[in-house]
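Work through the exercises below with the sequence and the model open. Each task is followed by a solution in steps.

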Amino acid sequence: MNTTVRTRERTVSPSRRLRALSREQLPNRQVAGRSLLYAILIVLAAIYIAPFLIQVATSFKTDGDAASNPMSLLPQTWSTAAYERLFLNSDFPVWFQNSAIVTVFVTLGRVFFNSLAGYALARLHFRGRNLIFALLIAVMSVPGVVLLIPKFLVINQLGIYDTYVAMIVPLLTDAAGVFIMKNFFESIPASVEEQARIDGAGTFRVFWSIVLPMARPALVTIIILSFQGSWNELSHFIVATQSPELTTLTKGVASLASGQLSQGTQYPLKLAAAAIMTIPVAVMFFIFQKRIMNTTDGAVKE
């Protein structure tokens, strides 16, 4: 038996031995490569998260501590004076309320109207559909700042300037949302709708009861993008309102950052307002992050 084993070991070719050695070294190379990749990702994550950590830490500092140690992550004296001043001695609650009202209505409106427009462009055949889609793509390529003056003129001409209507209605649809919904609806086979049409369902009934439930991943994407976009919107609110009672968080925090509403640096106050402003968007993202659009979900193979 021993003689047979030795004979087999001698008959193994050098090429096979090299392959066996390379297979043994391959896991070590993979571990080293992954370790290097993880190290790079950790460094990048630290670079991105460091400003946010400094922001939160500074919001709990005193004014003197923030001025003398702006980069420190541990306040010398923990203080909630900035948050107390925001909620008790400022218009911050009014700003938060206005932003919440606008964001809720804009998000609901975009989900509904973007879905309708996307379905019409994807399924309904009418004259000028290709032209409308081309104009939609053109609107997406135009910088928003270019449209501020025309937007102000339209709002003023309609007599809705400095109202909630002026803040909400122009934001109820967006070209990017219609584009996303159109592409998703096109990924759903038309045969899914045929049975409903045979049963006598109309176009809106097919859209609402059959197609829209299948577009849940795209809807979640629209919800996240609409919530984040309307919550962080600034330029539109600048041209749509001027009353302090209609000031949103973005306008209020921008005023704080520019020093219009306070004297001195007031770093804890400004960064506390910015930290609170990021909470709703972060919560929304963490709730829906696993449901962000996957174009394969809901599609049916023909």
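**Exercise 1. A buried helix**

Which residues are buried in helix 14? Then decide how far helix 14 is enclosed, and name elements that cover its buried residues.

Solution. Note at the outset that this is a predicted model.
- Step 1. A residue is buried when its relative accessible area is under 20%.
- Step 2. In helix 14, the residues that count as buried are Leu249, Thr250, Lys251, Gly252, Val253, Ser255 and Leu256.
- Step 3. Helix 14 spans residues 249-258, and seven of its 10 residues are buried, so helix 14 is largely enclosed by the rest of the structure.
- Step 4. The cover over these buried residues includes helix 4 (81-88), helix 5, helix 12 (216-231), helix 13 (235-240) and helix 15 (267-288).

**Exercise 2. A pair of packed helices**

Describe how helix 5 and helix 11 pack, and classify the residues in their contact.

Solution.
- Step 1. Two packed helices are described by the angle between their axes and the distance between the axes.
- Step 2. For helix 5 (residues 92-123) and helix 11 (residues 203-214), the angle is about 110° and the axes are 12 Å apart.
- Step 3. Angles of 65 to 115 degrees count as roughly perpendicular. Helix 5 and helix 11 are therefore roughly perpendicular to each other.
- Step 4. Helix 5 contributes Phe112, Ser115, Leu116 and Tyr119 to the contact, while helix 11 contributes Thr203, Phe204, Val206, Phe207, Trp208, Val211 and Leu212.
- Step 5. Sorted by class, the contact of helix 5 with helix 11 holds nine nonpolar residues, two polar and no charged ones.

**Exercise 3. Annotated spans against the model**

Which residues does the UniProt annotation "transmembrane region" cover? Compare the helix content given for residues 95-119 and residues 164-185.

Solution.
- Step 1. The unreviewed UniProt entry assigns "transmembrane region" to residues 36-54, 95-119, 131-152, 164-185, 206-227 and 271-288.
- Step 2. Residues 95-119 are 100% helix and 0% strand, with end C-alpha atoms 36 Å apart.
- Step 3. Residues 164-185 are 73% helix and 0% strand, and the end C-alpha atoms of this span lie 32 Å apart.
- Step 4. For the protein chain, the secondary structure amounts to 15 helices and zero strands.

**Exercise 4. A loop residue with positive phi**

What is the phi of Asp162? State where Asp162 lies and whether it is buried or exposed.

Solution.
- Step 1. Most residues other than glycine have a negative phi.
- Step 2. Asp162 is not a glycine, yet its phi is positive, at about 65°.
- Step 3. The loop between helix 7 (148-158) and helix 8 (164-168) holds Asp162.
- Step 4. The relative accessibility of Asp162 is 19%, so Asp162 counts as buried.

**Exercise 5. Partly exposed residues and their partners**

Locate Phe126, Ser72, Val192 and Ala50, then give a contact or a C-alpha distance for each.

Solution.
- Step 1. Phe126 sits in the loop between helix 5 and helix 6 (129-141). Its relative accessible area is 35%, so Phe126 is partly exposed. Leaving out residues up to four places away in sequence, Phe126 touches Ala120, Leu121 and Ile132.
- Step 2. Ser72 belongs to the loop between helix 3 (63-68) and helix 4, and is partly exposed at a relative accessible area of 24%. With residues up to four places away in sequence left out, Ser72 touches Ala57 and Lys61. Ser72 and Lys61 are 11 residues apart in sequence, and their C-alpha atoms are 9.8 Å apart.
- Step 3. Val192 is part of helix 10 (residues 191-198) and is partly exposed, at 24% relative accessibility. Between the C-alpha atoms of Val192 and Ile210 there are 7.9 Å, with 18 residues separating the two along the chain.
- Step 4. Ala50 is part of helix 2 (residues 14-59) and is partly exposed, at 29% relative accessibility. Ala50 and Leu73 are 23 residues apart along the chain, and their C-alpha atoms are separated by 9.2 Å.

Notes. Residues numbered from 1 in each chain as written. Predicted model: local features only at pLDDT ≥ 70, side-chain atom pairs only at ≥ 80, totals over all residues. Heavy atoms only, no water. Axes fitted to C-alpha atoms, helices over the stretch in contact; angles between N-to-C directions. Helix = DSSP H or I, 4+ residues; strand = E, 2+ residues; numbered from the N terminus. Parallel < 35°, antiparallel > 145°, perpendicular 65-115°, else oblique. Contact = heavy atoms within 4.5 Å. Nonpolar A, V, L, I, M, F, W, Y, C, P; charged D, E, K, R; others polar. UniProt positions renumbered as here; feature names shortened; annotations may be inferred. Buried < 20%, exposed > 50% of the residue type's maximum accessible area, 1.4 Å probe, protein only.
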